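Thanks for sharing this one with me. Here are my notes, set out as numbered points so that you can follow along with the structure open.

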Amino acid sequence: MQNRLTTISVHTVLLVYTAIALLPMLLIVSNAFKSRRAIFADPLALPGPDTFSLKGFSKVLAVSDFGLYFVNSLTVTLVTLALVLLFAAMAAWALSEYRFRGRLVLGVLFAVGIMVPIRLGTVSILELMVALDLTNTLTALILVYTAQGLPLAIFILAEFIAQIPKDLKDAARCDGVGEVHIFFSIVVPLIRPAIATVAIFVMVPIWNDLWFPLILSPGEGTQTITLGVQQFVGQYVTDWNAVLAALTLAIVPVLALYLVLSRQLVRGLTAGAVK
Amino acid sequence: MPDVRLHNVSKSFGTEDVLKSVSLDIVDGEFAVIVGPSGCGKSTLLRLLAGLEQADAGDIEIGDRRVNDLAPAARRIAMVFQSYALYPHMNVYRNMAFGLKFSGLEHSEIERRVRKAAETLKLDGLLERKPAELSGGQRQRTAIGRAIVREPDVFLFDEPLSNLDAALRVNTRLELAGLHRSLGTTMVYVTHDQVEAMTLADRIIVMNEGRVEQTGTPLELYREPQNLFVAGFIGAPRMNLVTGAAAQEFGAETLGIRPEHLTIAPRAGDWTATVSMVEHLGSDTYVYADAAEAGTLIVRAGGNTSVEPGAAVKLKLDRSAIHRFDAGGTRMT
Ligand SMILES: Nc1ncnc2c1ncn2[C@@H]1O[C@H](COP(=O)(O)OP(=O)(O)OP(=O)(O)O)[C@@H](O)[C@H]1O
Ligand SMILES: [Mg+2]
């Protein structure tokens with residue numbers, strides 16, 4: 001009975017939380033399919049036969065370079081993701097496996113990186129990018145986001161790598177497997193769930209970021225989705241149809257990536273390794 | 001000749017001296033078993049041999065090569081871990097073949113070796129399975145297979161059977177003995193199981209607190225333990241160790257008597273004792289008796305001994321089979 005109550009209360013809390021988290025998204029998506037008048041008349045209503053409209057989508061696709069923004073966002077996110085995961089896993093492996101001088105200092109440095117928000121350094125970053133002639137390039141964004149994502153990713157992955165049984169690595173060493181191969185053929189496959197988790201952590205803030213695109217790459221060819229949407233937000237009039245449609249479209253890729261990655265999350269891969 | 005030699009090898013972790021100037025000589029083709037209580041440095045010794053730890057001092061030689069500075073792979077050894085350490089994301093075949101891929105062997109040769117090892121170890125039908133889908137014994141055999149396919153000069157085993165249940169342990173023990181007979185390769189085997197040591201070993205190395213106490217064939221150790229530690233460690237049930245006046249009578253500080261060298265005598269005996277407990281094992285009966293002069297003694301009696309707890313008995317000892325130790329615990333001749 002006690003157990004049952006606990007289960008029910010836990011689920012209630014979780015359901016309420018889910019509802020709170022999902023409601024804004026539902027509002028965005030449902031209103032994106034409504035006419036402008038209907039959005040204002042009853043924002044909470046679902047699109048019905050007489051309020052249904054795809055005007056927002058057609059406007060977004062016709063007026064703006066939505067495809068380009070989309071590709072830009074996707075490029076920045078995916079390239080950053082690849083860089084962060086590769087470098088973070090390698091750094092985490094080095095930090096947790098090898099005893100070398102300066103290891104502690106490096107570890108502390110990365111920990112500080114988690115605590116200090118990268119936006120504090122915006123001015124210097126901008127100066128740096130100007131000096132390197134990288135403003136209005138996607139490269140600038142990728143570099144900044146990689147730096148932003150690395151510390152936490154290293155921290156999480158190091159925890160997981162430390163849990164890989166020592167015997168496994170030793171067995172591989174006795175087998176004559178080189179350190180590089182131990183990393184790619186044994187360590188990486190074993191921390192796949194952790195890598196997927198980190199990927200989600202890293203990906204979402206990048207996809208949603210408005211700050212750095214606005215400052216580093218606001219130019220025509222390098223706008224990301226979040227920036228692109230802003231052209232429908234006016235000082236006096238906001239084209240809600242278009243804004244909501246654009247946001248709806250922007251949800252799709254993150255959702256897709258999340259679905260792909262989340263399948264990795266729950267798996268315990270070390271089962272059967274030892275004992 | 002891949003003899004394995006350790007010369008004054010020391011190793012410490014921080015302030016803890018785990019191995020204290022260990023010297024060893026293992027002859028080519030020998031099955032050497034290292035025994036000792038938990039924490040005495042057996043695994044550390046094995047890991048030094050494998051190259052997974054670096055010795056602080058001393059020489060390690062395999063064959064004619066000093067291997068102190070060689071990487072594990074270059075030492076031509078193969079190690080089987082207590083935890084098996086199978087790669088969880090690879091099937092049995094890949095577990096065995098993985099290491100070979102980096103040795104420059106032809107693909108066909110790798111396949112031949114894996115198939116052969118699988119056949120020897122009865123893993124034929126399981127090559128596609130992941131470790132998680134194997135039983136304990138099958139995982140164990142896969143781990144051994146991974147060692148065999150490397151065709152090493154020396155096999156190193158670290159308590160390979162300790163995770164198996166009793167019946168499987170006996171089986172695998174026999175298989176290992178057979179494997180050693182057919183391969184003829186030098187094997188260094190760590191265990192703290194007496195029976196494994198006595199049955200498998202050509203030579204037993206008894207370790208205690210980072211030192212080698214004695215090496216010898218199982219029977220040598222059993223018949224002539226060089227010190228109290230070995231006397232107490234080898235043999236089950238333990239050797240009876242008697243101190244005080246009863247020992248001094250024989251001119252020793254400590255007197256050692258194996259349980260089978262004590263008999264329950266009907267009339268005259270050396271000591272009078274009261275039986276406190278009787279264990280019937282079928283073939284043997286262990287009688288625990290408290291003697292006023294000698295303390296609690298274990299007597300190994302025949303299967304149909306019929307003494308009861310509480311009975312007063314006379315104990316007679318076989319004077320030709322006693323072990324005498326001096327004050328320092330060393331065997332007296
Ligand atoms: N990497 C290490 N760092 C610090 N101390 C260690 C390390 N490895 C082993 N030791 C210590 O060295 C001692 C010997 O350890 P070892 O594993 O060799 O014992 P063992 O004889 O194999 O014991 P067991 O029978 O329990 O396996 C232990 O006291 C252990 O705490
Ligand atoms: Mg051990």
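1. Let me begin with the interior. This is a predicted model, and its largest nonpolar core has 100 residues. A:Leu157, B:Leu6 and B:Leu156 are the residues with the most contacts inside that core. Helix H7 of chain A, residues 138-162, gives the most to this core, contributing 13 residues.

2. What does B:Leu156 touch, leaving aside residues up to four places away in sequence? Its partners are B:Leu46, B:Leu49, B:Ala50, B:Ile77, B:Ala78, B:Met79, B:Val80 and B:Val188. In soluble globular proteins, nonpolar side chains tend to be buried together.

3. Please look at the second core too. It is separate and has 44 residues, including B:Ala97, B:Ala147, B:Ile204 and B:Leu221.

4. Next, the sheet in chain B. Four strands form an open sheet in the order E2-E1-E4-E5, with antiparallel pairing. Strands E2 (16-26) and E5 (65-66) of chain B stand at the edges; each has a single partner strand, so one side of each is left without a neighbour in the sheet.

5. Here is some detail at the E5 end of chain B. Strand E4 of chain B (residues 57-62) pairs with E5(B) over 2 bridges in the antiparallel sense. Within this part of the sheet, B:Glu61 stands opposite B:Arg66 of E5(B).

6. Which helix of chain B lies across strands E1, E2 and E4? That is helix H1 of chain B, residues 42-50, and it runs at about 115 degrees to E1(B), the strand covering 4-13.

7. If you are wondering about cysteines, a search of the whole structure finds 0 disulfides over all chains. The closest cysteine sulfur to that of A:Cys174 belongs to B:Cys40, and at 20 Å it is too far for a bond. B:Cys40 is likewise in no disulfide, its nearest cysteine sulfur being that of A:Cys174. Are these two cysteines buried or exposed? A:Cys174 counts as buried, at 2% relative accessibility, and B:Cys40 also counts as buried, at 2%.

8. Finally, a word on confidence in chain A. The chain averages a pLDDT of 87, and 95% of its residues score at least 70. Among the elements of chain A, helix H6 (residues 122-131) has the highest mean pLDDT, 94, and helix H3 (residues 55-63) the lowest, 81. Over residues 268-275 of chain A the pLDDT is below 50, although this stretch has 24 contacts in the model beyond near neighbours in sequence. Where pLDDT is low, the predicted coordinates should not be read in detail.

Terms used. Residues are numbered from 1 along each chain as its sequence is written. Chains are lettered from A and ligands numbered from 1 in the order in which they are written. This is a predicted model: local features need pLDDT of at least 70, side-chain atom pairs count only at pLDDT 80 or more; totals for chains, interfaces and linings use all residues. Side-chain values use heavy atoms; hydrogens and water are left out. Two strands pair if DSSP finds at least two bridges between them. Contact means heavy atoms within 4.5 Å. Axes are lines fitted to C-alpha atoms, for helices over the stretch in contact, and angles run from 0 to 180 degrees between N-to-C directions. pLDDT is the predictor's confidence in each residue, from 0 to 100. A disulfide is a pair of cysteine sulfur atoms within 2.5 Å. Buried means under 20% relative accessible area, exposed over 50%, partly exposed in between (1.4 Å probe, protein chains only). A nonpolar core is a set of buried Ala, Val, Leu, Ile, Met, Phe, Trp, Tyr and Cys residues joined through side-chain atoms within 4.5 Å.
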